[in-house]
Amino acid sequence: PLEKALESLKEVYLACSEENWDGYGAFPITEDVYHEAKRLIESLPLISFIPMPEITPEPDGEIGLEWYKGNRKTFVVSVSGKNEIVYAGLFGINKVHGTEYFGDILPHIVIENLKRLYL
């Protein structure tokens, strides 16, 4: 699963590294964003109940990683290449969102929200 996620990330990066990749004026995904998303994916715990995320290019030049478990159960993390993670989650009627510094280790809040989604 890790290799597949990294391959998907590379495909997204290559397809979206040019300006206006979506035909609507999207910003390109930079090498910094790509490397930060790669570092995030590689830092995810290899716990059997947490799958690898769907990788989505965002028109503002960020990369989103999304975990979806069903109706009103989703968690999304976005990286911008600036050592910062922006996250949002929907857990039934409960919502969570925030911004965390992403240095050498994955912020604990990301793991906690993934556990909340899948446990």
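Let me start with E36, which in this predicted model sits in helix α2, residues 31-43. The residue is buried, with a relative accessible area of 3%. Where does the side chain of E36 reach? It comes to 2.8 Å from the backbone nitrogen of G81. Setting aside residues up to four places away in sequence, E36 touches V79, S80, G81, K82, N83, E84 and F102.

Several of these names lead us to the sheet. Strand β3, residues 73-79, and strand β4, residues 84-91, run antiparallel and are joined by 7 bridges. Within this pair, V79 stands opposite I85 in β4.

The sheet as a whole is open and has 5 strands, in the order β1-β2-β3-β4-β5, with antiparallel pairing. Why is one side of β1 and of β5 left without a neighbour in the sheet? Both stand at the edges, and each has a single partner strand, so one side remains unpaired. From one strand to the next, the twist averages 20°.

Two helices should be mentioned here. Helix α1, residues 2-15, packs on the sheet and touches β1 and β2, its direction making about 10° with that of β1. Helix α3, residues 108-118, lies across β2, β3, β4 and β5 and runs at about 160° to β3.

I turn finally to L44, in the loop between α2 and β1. Is L44 buried or exposed? It is buried, with a relative accessible area of 6%. Apart from neighbours within four places in sequence, L44 is in contact with M52, P53, W67, L106 and L114. L44 and I111 are 67 residues apart in sequence, yet their C-alpha atoms are 8.0 Å apart in space.

Methods. Residues numbered from 1 in each chain as written. Predicted model: local features only at pLDDT ≥ 70, side-chain atom pairs only at ≥ 80, totals over all residues. Heavy atoms only, no water. Helix = DSSP H or I, 4+ residues; strand = E, 2+ residues; numbered from the N terminus. Buried < 20%, exposed > 50% of the residue type's maximum accessible area, 1.4 Å probe, protein only. Polar contact = N/O pair within 3.5 Å; in protein donor to acceptor, adjacent residues only side chain to side chain. Contact = heavy atoms within 4.5 Å. Pairing = 2+ DSSP bridges. Axes fitted to C-alpha atoms, helices over the stretch in contact; angles between N-to-C directions.
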